[in-house]
Amino acid sequence: RTRRATDHALEVSNVYPGMFLAEPGKSEYTVIADWDTQLPGGSENETFMAFSGPVFRGDTVAFVGLGNVNTMGIYKWSRSTGELDVVADQHTAVPDSEYNFGDFPERPSVWTDGSVVFFAEGPGDTTGVYLSNADGELSTLVDMATEIEGEKPIYLGNANDAFNGTTCTFYAVMES
């Protein structure tokens with residue numbers, strides 16, 4: 001798990017990062033997002049400068065991205081429409097909270113309908129695992145305020161293959 005935005009990927013001034021789709025038998029690659037791509041939901045003229053590894057299921061690719069004005073978020077791209085959308089970023093309100101998301105230290109999980117489950121850190125009890133359904137509606141699956149077997153977690157974690165479309169697994173540590 002990373003703690004700083006720059007820990008998510010290589011940051012060097014003379015490299016040109018990108019997220020691409022390769023298809024067997026084809027010599028051209030599809031650009032999902034690269035250093036020229038406007039960051040959805042980012043500041044004006046903000047483009048991508050770093051990416052996590054991609055997660056690909058159905059026709060949806062999801063990843064953590066960082067913009068050159070330091071906006072970080074979870075993004076998804078649809079192969080069928082070619083659209084790149086923000087799932088959640090540091091400008092997105094945490095569901096049922098007055099706070100915005102702060103950090104996205106782990107790759108998301110994605111399902112064939114375009115639903116995305118992701119781990120996000122935030123202030124107070126907002127650190128948790130969240131779902132963006134196929135329509136883009138956000139909901140909390142579990143956060144630091146959630147009681148699990150009568151106890152609140154002191155640590156939560158999630159992984160990129162932790163969602164099967166209806167159920168999500170996560171890791172939690174509670175104090176005894």
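**Briefing: strands, salt bridges and aromatic contacts in an all-strand chain**

Strands S1 and S2 run antiparallel and are joined by four bridges. The model described here is predicted. Its chain contains 13 strands and zero helices, and 43% of the 176 residues count as buried. The topics below are the overall form, the strand pairing, the salt bridges, the aromatic contacts and a surface patch.

**Overall form**

- Read from the N terminus, the order of elements is β-β-β-β-β-β-β-β-β-β-β-β-β.
- The C-alpha trace spans about 55 × 30 × 25 Å along its principal axes.
- The radius of gyration of the chain is 16 Å, which agrees with the value near 16 Å for a compact globule of 176 residues.

**Strands S1 and S2**

- Within the antiparallel pairing of S1 and S2, methionine 19 stands opposite alanine 33 in S2.
- Side chains alternate along S1: Met19 and Leu21 are buried and point to one face, while Gly18 and Phe20 point to the other face and are not buried.
- Phe20 also contributes to a nonpolar surface patch, described in the last group.

**The open sheet S8-S9-S10-S11**

- Four strands, in the order S8-S9-S10-S11, make up an open sheet with antiparallel pairing.
- The edges are occupied by strand S8 (109-110) and strand S11 (138-143); each has a single partner strand, so one side of each has no neighbour in the sheet.
- Five bridges connect strand S10 (residues 128-132) with S11 in the antiparallel sense.
- Tyrosine 130 has threonine 140 in S11 as its bridge partner.

**Salt bridges**

- Three salt bridges are present in the structure. Side chains of opposite charge can pair when their charged atoms come close.
- Glu23, Lys26 and Arg79 are linked in a network of salt bridges.
- In this network, the side chains of glutamate 23 and lysine 26 meet at 3.7 Å, N to O. A salt bridge requires such a nitrogen and oxygen to lie within 4 Å, so the 3.7 Å contact qualifies.
- Lysine 26 is exposed, at a relative accessible area of 52%, whereas glutamate 23 is partly exposed at 25%.
- Glutamate 23 also forms a salt bridge with arginine 79, at 2.8 Å, N to O. Glutamate 23 lies in the loop between strand S1 (18-21) and strand S2 (30-34), and arginine 79 lies in the loop between strand S6 (72-78) and strand S7 (84-89), so the pair ties together parts that are 56 residues apart in sequence.
- Arginine 79 has a relative accessibility of 38% and counts as partly exposed.
- A further salt bridge joins arginine 57 to aspartate 161, with the closest N and O atoms 3.6 Å apart. Because arginine 57 belongs to strand S4 (residues 55-57) and aspartate 161 to the loop between strand S12 (153-157) and strand S13 (171-174), this pair ties together parts that are 104 residues apart in sequence.
- The relative accessible area is 25% for arginine 57, which is partly exposed, and 58% for aspartate 161, which is exposed.

**Aromatic contacts**

- There are 13 aromatic pairs in the whole structure.
- One of them joins phenylalanine 101 and phenylalanine 118 in an edge-to-face arrangement, with 5.6 Å centre to centre and 70 degrees between the planes.
- Phenylalanine 101 lies in the loop between S7 and S8, and phenylalanine 118 in strand S9 (residues 116-120), so the pair ties together parts that are 17 residues apart in sequence.
- Phenylalanine 101 counts as buried at 3% relative accessibility, as does phenylalanine 118 at 0%. The cut-off for buried is under 20% relative accessible area.
- One aromatic cluster is formed by Phe48, Phe51, Phe63 and Tyr75.

**Nonpolar surface patch**

- Tyr16, Phe20, Tyr29, Val31 and Trp35 make a nonpolar surface patch of about 560 Å².
- Tyrosine 16, a member of this patch, is found in the segment before S1. The residue is exposed, with a relative accessible area of 58%.

Key
Residues are numbered from 1 along each chain as its sequence is written. This is a predicted model: local features need pLDDT of at least 70, side-chain atom pairs count only at pLDDT 80 or more; totals for chains, interfaces and linings use all residues. Side-chain values use heavy atoms; hydrogens and water are left out. Buried means under 20% relative accessible area, exposed over 50%, partly exposed in between (1.4 Å probe, protein chains only). Helices (H or I, at least four residues) and strands (E, at least two) are DSSP runs, numbered from the N terminus. Two strands pair if DSSP finds at least two bridges between them. Rings of Phe, Tyr and Trp (its six-membered ring) pair if their centres lie within 6.5 Å; planes under 30 degrees apart count as stacked, over 60 as edge-to-face and the rest as tilted. Patches are made of residues with over 30% relative accessible area and no salt bridge: like charges are joined within 9 Å, nonpolar side chains (Val, Leu, Ile, Met, Phe, Trp, Tyr) within 5 Å. Accessible areas come from the Shrake-Rupley method with a 1.4 Å probe; for residues, only the protein chains shown count as cover. The radius of gyration is taken over C-alpha atoms; the globule rule is 2.2 Å times the number of residues to the power 0.38.
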